[in-house]
Amino acid sequence: MAPHCQGTELDLSWVSKVQVNHAAVLRRAEQLQARRSVKKEWQAAWLLKAVTFIDLTTLSGDDTFSNVQRLCYKARYPIRADLLKALNMDDQGITTAAVCVYPARVCDAVKALKAAGCSIPVASVATGFPAGQTHLKTRLEEVRLAVEDGATEIDVVINRTLVLTGQWEALYDEITQFRKACGEAHLKTILATGELGSLTNVYKASLVAMMAGSDFIKTSTGKETVNATFPVAIVMLRAIRDFFWKTGNKVGFKPAGGIRTAKESLAWLSLVKEELGDEWLTPDLFRIGASSLLLDIEKEVFTIT
């Protein structure tokens with residue numbers, strides 16, 4: 001992954017001025033979703049590109065070493081070898097961007113990937129995932145333990161109460177502490193946008209998370225009632241763009257939750273390309289959090305070949 005995003009001081013004057021035009025965002029989302037998908041002749045290439053952005057995830061209460069091992073094998077070999085050969089892509093070393101597991105399963109993932117002979121990053125959720133409703137001291141320790149076990153990316157959850165009550169300084173301080181606890185690991189900050197109350201709050205939380213040094217901002221845990229949606233994504237992407245224009249710092253974007261089909265994955269790639277440009281279409285700056293998406297992409301690649 002790219003070098004860490006350099007955080008900035010908390011700019012409360014910028015945060016306080018934010019007001020998102022809800023109707024305009026919804027119109028923009030409708031326009032983008034109404035557009036034609038990728039042309040047929042380009043679909044296979046774009047679907048294989050989508051694979052390289054996936055954080056292949058298992059976050060279940062019944063996770064065991066064996067299913068983490070299977071996940072890691074799939075991350076290493078995401079598309080059947082005969083399909084890649086038919087597309088002349090069998091020598092490209094296509095893998096998913098990372099595997100994502102609970103902190104207690106990080107050691108399992110590190111071990112399985114080592115056995116598979118690859119260096120795919122291990123990401124771990126942390127900080128009281130998914131609700132974030134545990135003591136800050138415990139949440140910080142969870143980050144440190146995941147890093148000690150070999151996680152090189154940490155997907156943290158924020159305390160949504162701080163957003164809903166406008167405690168931006170407290171939110172900034174919390175994420176700054178997460179950043180410090182990560183050490184050399186990259187920080188992906190989950191905003192849980194379905195629980196933030198408004199698109200204006202989504203933009204403000206995005207800004208504060210970036211100011212605090214997040215390498216990525218992520219839509220959802222996948223456990224909320226509402227997860228990754230286009231209106232929320234547009235707001236987060238505009239915040240990323242504005243932050244880049246103002247500071248020169250590039251922050252990544254990760255939609256997660258409910259992205260299950262190949263067609264949906266292409267729509268997300270198109271959205272990022274449209275809003276931020278091709279330079280954001282790299283695993284250093286764009287990820288898709290998903291568990292079942294990969295199977296549908298493989299099916300779609302099969303029909304194309």
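**Questions on a predicted fold**

Colleague: Which residue, just after α10, takes a positive phi?
Modeller: This is a predicted model, and its values are computed from the coordinates. Just after α10, phi is positive at about 105 degrees, and the residue that takes it is Gly213.

Colleague: How many of the residues of α10 are buried?
Modeller: The helix has 13 residues, and it reaches 18 Å from its first C-alpha to its last, close to the 18 Å expected at 1.5 Å a residue. It is mostly covered, and the number of its residues that are buried is 13 of 13.

Colleague: Which residues are in contact with Thr200, leaving aside its neighbours within four places in sequence?
Modeller: Thr200 is placed in helix α10, which covers residues 199-211. Because its relative accessibility is 10%, and buried means under 20%, Thr200 counts as buried. Once neighbours within four places in sequence are left aside, the residues in contact with it are Val18, Gln19 and Val20.

Colleague: Is His22 buried or partly exposed, and what is its relative accessible area?
Modeller: His22 lies in helix α2, residues 22-34. Its C-alpha atom is separated by 9.6 Å from that of Val235, although the two are 213 residues apart along the chain. His22 falls between the limits of under 20% for buried and over 50% for exposed, so it is partly exposed, with a relative accessible area of 44%.

Colleague: What separates the C-alpha atoms of Leu56 and Leu293?
Modeller: Leu56 lies in strand β1, residues 54-57, and it counts as buried because its relative accessibility is 3%. Leaving aside neighbours within four places in sequence, its contacts include Leu71, Ala98, Val99, Ala290 and Leu294. Leu293 is 237 residues away from Leu56 along the chain, and their C-alpha atoms are separated by 8.8 Å.

Colleague: Which residue has its C-alpha atom 9.0 Å from that of Ala98, at 189 residues apart along the chain?
Modeller: Ala98 lies in strand β2 and is buried, with a relative accessible area of 0%. Not counting residues up to four places away in sequence, Ala98 touches Ile54, Asp55, Leu56, Ile120, Pro121, Glu153 and Arg287. The residue with its C-alpha atom 9.0 Å away, 189 residues apart along the chain, is Arg287.

Colleague: Which two residues are joined by a cis peptide bond?
Modeller: Most peptide bonds are trans. In this model, Pro130 is found in the loop between β3 (122-126) and α7 (136-148). Omega is about 0 degrees for the cis peptide bond, and the residues it joins are Phe129 and Pro130.

Colleague: Is Thr127 buried or exposed, and what is its relative accessibility?
Modeller: Thr127 is placed in the loop between β3 and α7, and although it is not a glycine, it has a positive phi of about 65 degrees. Because buried means under 20%, Thr127 counts as buried, with a relative accessibility of 0%.

Colleague: What is the relative accessible area of Asn88?
Modeller: Asn88 is in the loop between α5 (81-86) and β2 (98-101), and its phi is near 55 degrees, a positive value in a residue other than glycine. The residue is exposed, which requires a value over 50%, and its relative accessible area is 63%.

Colleague: How far apart are the end C-alpha atoms of helix α12?
Modeller: Helix α12 (residues 262-276) contains buried residues, among them Ala262, Leu266, Leu269 and Leu276, and it is followed by Gly277, whose phi is positive, near 95 degrees. At 1.5 Å a residue, its 15 residues should span 21 Å; this agrees with the model, because its end C-alpha atoms are apart by 21 Å.

Colleague: What radius of gyration does the protein have?
Modeller: The protein comes to 13 helices and eight strands, and its C-alpha atoms fill a box of roughly 55 × 45 × 35 Å along the principal axes. Of its 305 residues, 53% count as buried. A compact globule with 305 residues would have a radius of gyration near 19 Å, so the protein agrees with that expectation at 19 Å.

Colleague: How many Å apart do the centres of the positive and negative side chains lie?
Modeller: The protein exposes about 13,600 Å², of which carbon and sulfur atoms supply 51%. It has 36 positive and 34 negative side chains, and the centres of the two sets lie apart by 3 Å.

Methods. Residues numbered from 1 in each chain as written. Predicted model: local features only at pLDDT ≥ 70, side-chain atom pairs only at ≥ 80, totals over all residues. Heavy atoms only, no water. Helix = DSSP H or I, 4+ residues; strand = E, 2+ residues; numbered from the N terminus. Expected span 1.5 Å × (residues − 1). Buried < 20%, exposed > 50% of the residue type's maximum accessible area, 1.4 Å probe, protein only. Rg over C-alpha atoms; globule rule 2.2 N^0.38 Å. Areas by Shrake-Rupley, 256 points an atom, 1.4 Å probe, with all protein chains shown as cover. Lys, Arg positive; Asp, Glu negative; His and termini not counted. Charge placed at Lys NZ, Arg CZ, Asp CG, Glu CD. Contact = heavy atoms within 4.5 Å.
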